[in-house]
Amino acid sequence: MSGRPLLNRRLDGLGTTIFAEMSALATATGAINLGQGFPDTDGPESVREAAVRALRDGRGNQYPPGPGIPELRQAIADHQRRFYDLSLDPDTEVLVTAGATEAIAAAMLALLEPGDEVIAFEPFYDSYAACIAMAGAKRVPLTLRAPSFRPDLDELRAKITPRTRLLLLNTPHNPTGMVLTAEEQSAIAALAVEHDLLVVTDEVYEHLVYEGTHRPIAALPGMRERTVSISSAGKTFSFTGWKVGWVMADSPLVSAVRTAKQYLTYVSAGPFQYAIAEALRLPDAYFDSFRADLRRKRDLLGDGLRAAGFEVYQPQGTYFITTDITPFGEKDAYAFCRALPERCGVVAIPNSVFYDDPDAGRSQVRFTFCKRDDVLDEAAGRLRHLAS
Amino acid sequence: MNARPLLNRRLDGLGTTIFAEMSALATATGAINLGQGFPDTDGPEEIREAAVRALREGKGNQYPPGPGVPELRAAISDHQQRFYGLSFDPDTEVLVTAGATEAIAATLLALLEPDDEVIAFEPFYDSYAACIAMAGAKRVPLTLRAPSFRPDLDELRAKITPRTRLLLLNTPHNPTGTVLTAEEQSAIAALAVEHDLLVVTDEVYEHLVFEGTHRPIAALPGMRERTVTISSAGKTFSFTGWKVGWVKAFSPTYWTRAA
């Protein structure tokens, strides 16, 4: 054991997530934490009370069924019908997971073999890189470049090789807020069909699109049988701590993902599964006002960041804003974020850590706006001292 | 994608757990299900009400800290001191997981590399085989034989090779109910030290020992720095659906600092 490092060398460099590092900095300095994307206000009381009822009625206190409770799987299928007119068999085409994070891990560990290549947008959510590495596969980045962060589809085509096993998509995209257009989705789908690739798509911000509309890529011709769609309750209902996510795909794909999933956590979140089954049936007014509220917060923080001197890249979706610090005469986002709590009492995340290409995101910094208005106002006020 | 199966071939034959199959049979036939190990009576009301309070007071409704909430890590550390006289630093030596299942998966994916060998008791909990396979490592079974199901320690010694990376223990043992004796633990520990092996020990039934007493193998000389101990709340408090587990192990950083 002493002959080599304790940690699997595939996971070299993935030791501590930037979120842990920056959240620790927020705690140590008392700074306002606009780093990690979780709301400071819980979701609807009716949903919370549904969890209380489940606990007290003894529903979900013992192992739920491996694929998730039938009520939640049905609610997920109904949600896909209601919002996207997609039809899913709740018994064979839906799998409940411990948040989208477990869904991604299970999908990668199930579908990849060592030596496979995965094309994924960069900047990327850090768990993508770790899960691809654990599977022994190779991540091939497709860089989204400021200011528009649109994917270059010619570049995508050029990166496909005989070893390419799957495309890992994320729309709305964290951290840039980019939302794939219908044309981009069609072009990506055509490439997937042409090269017979699997597609895994992380759509956890599906209800936070401010310009355009979200449409699952699984709805496109030829995509259903090759696409694993991932979503979760955390972002949509503001209960990120409950960790209820799900996988939607054709039955053979769900079976494959379930095989890996059942050995990662087996099951999870018993009582919360019942609560989220109710949450998914909330009236349209909930989803509309949630989105309207976050759009307003986006504009509130965006205005504040512009006033403070940042270059702001307007996000079309998610609850993040990517900015550039070049106007301050600075270009190292990581150093900037390390110093920011001391300089003005705000924590943010350097996008540079989400790139393989160190230059592509070197001067980009991400802020979340899923916080109370007074917190966003206070943060904007503090950031205004940067320029002086 | 058509050229090969959808599922990673390392996971061949691990598609559906026997528990899913038999529980489905129980549902279909209305038979009494003595198959899967979960109680039909929930744990203490005061614990359930603690969960209700946390929900209503907004504690844990958003992402808890990555290693787990400090209150739980301190409680796990205190539990180890109280029952076993073991001392773990709650900040660096305790990690909260989504049940013992996630703890096992994370431990094996972190510590193993392709072609490592893992010696594990057989019969084994099926997630052991799957996690070893996902890590690309090789499972080497040490068969526990009826009627006593004692491990054969000469056989264990014979199975250790230069490729052996870790011993995966489980005591009290599911499914046989074997509880390792102090002598067996000492012999296993001596082998681990002699061959410089890591030890991962699943002790989720620690509070369900009817003959003898449970003692964590991590407490033995030379074991602390090489042992990852896994336990969980599900079996001890009869809330298997909540999936709260934990990992306890040595933190080189902490002890260096303390020293």
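**Close-up 1. Pro221(B) in a loop of chain B of the predicted model**. Pro221(B) is exposed, since its count of other C-beta atoms within 10 Å is 9 and a residue with 12 or fewer is classed as exposed. The loop that holds Pro221(B) runs between strand E5 (198-202) and strand E6 (227-232) of chain B. Val193(B) is 28 residues from Pro221(B) in sequence, and the two C-alpha atoms are 9.1 Å apart in space.

**Close-up 2. Lys243(B), a residue with a positive phi**. Lys243(B) is not a glycine, yet its phi is positive, about 55°. The residue sits in the loop that links helix H8 (234-237) to strand E7 (245-249) of chain B. Is Lys243(B) buried or exposed? With 25 other C-beta atoms within 10 Å, Lys243(B) is buried, because the threshold for burial is 20 or more.

**Close-up 3. The annotated span of chain B**. An unreviewed UniProt entry places the feature "domain: Aminotransferase class I/classII large" at residues 31-248 of chain B. The C-alpha atoms at the two ends of residues 31-248 of chain B are 39 Å apart. Helix makes up 33% of this span and strand 17%.

**Close-up 4. The cis peptide bonds before Pro147(A) and Pro147(B)**. In chain A, the bond from Ala146(A) to Pro147(A) is cis, with omega near 5°. Pro147(A) belongs to the loop between strand E4 (138-143) and helix H6 (153-159) of chain A. In chain B, the bond from Ala146(B) to Pro147(B) is cis, and its omega is near 5°. Pro147(B) belongs to the loop between strand E3 (138-143) and helix H6 (153-159) of chain B.

**Close-up 5. Ala269(A) in the loop between H9 and H10 of chain A**. Ala269(A) has a positive phi of about 55°, although the residue is not a glycine. Ala269(A) counts as buried because 29 C-beta neighbours lie inside 10 Å.

**Close-up 6. Helix H10 of chain A and its surroundings**. How many of the residues of H10(A) are buried? The count is 10 of 10, and the helix is described as mostly covered. Among the buried residues are Pro271(A), Phe272(A), Tyr274(A) and Ile276(A), together with Gln273(A) and Glu278(A). The buried residues of H10(A) pack against two helices of chain A given here with their bounds, H3 (70-84) and H8 (234-237), and also against H2 and strand E2 (94-97).

**Close-up 7. The side of chain A that touches chain B**. Chain A gives 55 residues to the contact and chain B gives 52. On the chain A side, helix H2 (45-57), helix H4 (99-111), helix H9 (251-264) and helix H10 (270-279) each supply at least two residues. Which element of chain A supplies the largest share? H9(A) does, with 9 residues. By class, the chain A side has 31 nonpolar, 17 polar and 7 charged residues.

**Close-up 8. The contact between the two domains of chain A**. Domain 1 of chain A covers 9-43 + 285-386, and domain 2 covers 45-279. Their C-alpha centres lie 24 Å apart. The contact takes 35 residues from domain 1 and 36 residues from domain 2 of chain A. On the domain 1 side, helix H11 (284-308), strand E10 (320-324) and strand E13 (364-368) of chain A each supply at least two residues. The largest share of that side, 6 residues, comes from H11(A). The domain 1 side divides into 16 nonpolar, 10 polar and 9 charged residues.

**Close-up 9. Packing of H11(A) with H13(A)**. Two packed helices are described by the angle between their axes and the distance between the axes. The axes of H11(A) and helix H13 (residues 373-383) of chain A come within 8 Å and cross at roughly 10°. The two helices H11(A) and H13(A) are therefore roughly parallel to each other, because angles under 35 degrees count as such. From H11(A), Lys297(A), Leu300(A), Leu301(A), Gly304(A), Leu305(A), Ala307(A) and Ala308(A) take part in the contact. Their partners in H13(A) are Asp373(A), Leu376(A), Ala380(A) and Leu383(A). By class, this contact has 8 nonpolar, 1 polar and 2 charged residues.

Definitions and conventions. Residues are numbered from 1 along each chain as its sequence is written. Chains are lettered from A and ligands numbered from 1 in the order in which they are written. This is a predicted model: local features need pLDDT of at least 70, side-chain atom pairs count only at pLDDT 80 or more; totals for chains, interfaces and linings use all residues. Domain bounds come from an automatic or database domain assignment. Two residues are in contact if their C-beta atoms, placed from the backbone, lie within 7 Å. Helices (H or I, at least four residues) and strands (E, at least two) are DSSP runs, numbered from the N terminus. Ala, Val, Leu, Ile, Met, Phe, Trp, Tyr, Cys and Pro count as nonpolar, Asp, Glu, Lys and Arg as charged, and the others, Gly among them, as polar. UniProt positions are given in the numbering used here, feature names are shortened, and annotations may be inferred rather than shown by experiment. Axes are lines fitted to C-alpha atoms, for helices over the stretch in contact, and angles run from 0 to 180 degrees between N-to-C directions. Angles under 35 degrees count as roughly parallel, over 145 as roughly antiparallel, 65 to 115 as roughly perpendicular and the rest as oblique.
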